[in-house]
Amino acid sequence: MKNGVRPLAQVEPFVRVLGVDLAIEFLLTFGGAQLSISHNPRPHSRLSKLVGVDKAIALAEACEHLPSRIPTAKPWIAAVWKSRGVPIDEIARRLHTSDVTVRTMLKKQGAWKGKMPSRKPPKEDRQLRLL
């Protein structure tokens with residue numbers, strides 16, 4: 001990938017056929033629900049309007065053995081946007097999640113280079129040890 005973020009196996013067919021940007025738009029539009037992708041799509045269908053008839057046909061061929069439920073792939077989308085320099089707060093707004101969730105997703109993907117806020121209070125060096 002030219003952006004350095006490898007697509008997850010579940011979204012790789014979408015990225016291969018549509019490209020990164022259109023795949024993200026597709027996943028944000030249809031992700032999380034079932035979608036029947038026809039080998040003969042109608043030009044006025046929601047899918048055809050988004051990706052075009054030719055790409056809808058190619059998508060039907062690439063995804064014929066995949067489950068009909070489209071994945072959301074929010075961790076991958078967050079990693080792509082972070083690699084493009086989109087701020088954490090903006091990623092959270094676009095994905096309709098909290099900034100904490102975005103940081104957690106990025107940390108699990110290995111895309112987070114910032115400092116995670118610590119939940120533990122800072123250690124007091126001035127306090128004497130009990131034992």
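Select His96 to begin: just after α6, this residue takes a positive phi of about 60°. The model on screen is a predicted one.

Step back from His96 into helix α6, residues 88–95. Colour Ile88, Ile91, Ala92 and Leu95, which are the residues to look at here: they are buried. Look down the helix axis next. The four lie on the same side of α6, because the arc they cover around the axis is only 100°. To see what this side faces, show α2 (20–30), α5 (74–83) and α7; the buried residues of α6 pack against these helices.

Now go to helix α7, residues 99–109, and select Val102. Is Val102 buried or exposed? Its relative accessible area is 0%, so Val102 counts as buried. Display its surroundings, leaving out neighbours within four places in sequence: Val102 is in contact with Ile88, Ile91, Ala92 and Thr97. Ile88, Ile91 and Ala92 are among the buried residues of α6 that you have already coloured.

Add Lys82 to the selection. Between Lys82 and Val102 the C-alpha to C-alpha distance is 9.8 Å, with 20 residues separating them in sequence.

Finally, zoom out to the protein chain. A cartoon view has 7 helices and 0 strands, in the order α-α-α-α-α-α-α from the N terminus. Of its 131 residues, 34% count as buried. Switch to a surface: the chain exposes about 9200 Å², and carbon and sulfur atoms supply 52% of that area. For a contact map, take pairs at least 6 apart in sequence; 57% of those contacts join residues at least 24 apart.

Notes
Residues are numbered from 1 along each chain as its sequence is written. This is a predicted model: local features need pLDDT of at least 70, side-chain atom pairs count only at pLDDT 80 or more; totals for chains, interfaces and linings use all residues. Side-chain values use heavy atoms; hydrogens and water are left out. Helices (H or I, at least four residues) and strands (E, at least two) are DSSP runs, numbered from the N terminus. Buried means under 20% relative accessible area, exposed over 50%, partly exposed in between (1.4 Å probe, protein chains only). Contact means heavy atoms within 4.5 Å. Accessible areas come from the Shrake-Rupley method with a 1.4 Å probe; for residues, only the protein chains shown count as cover. The arc is that of the directions from the helix axis to the C-beta atoms.
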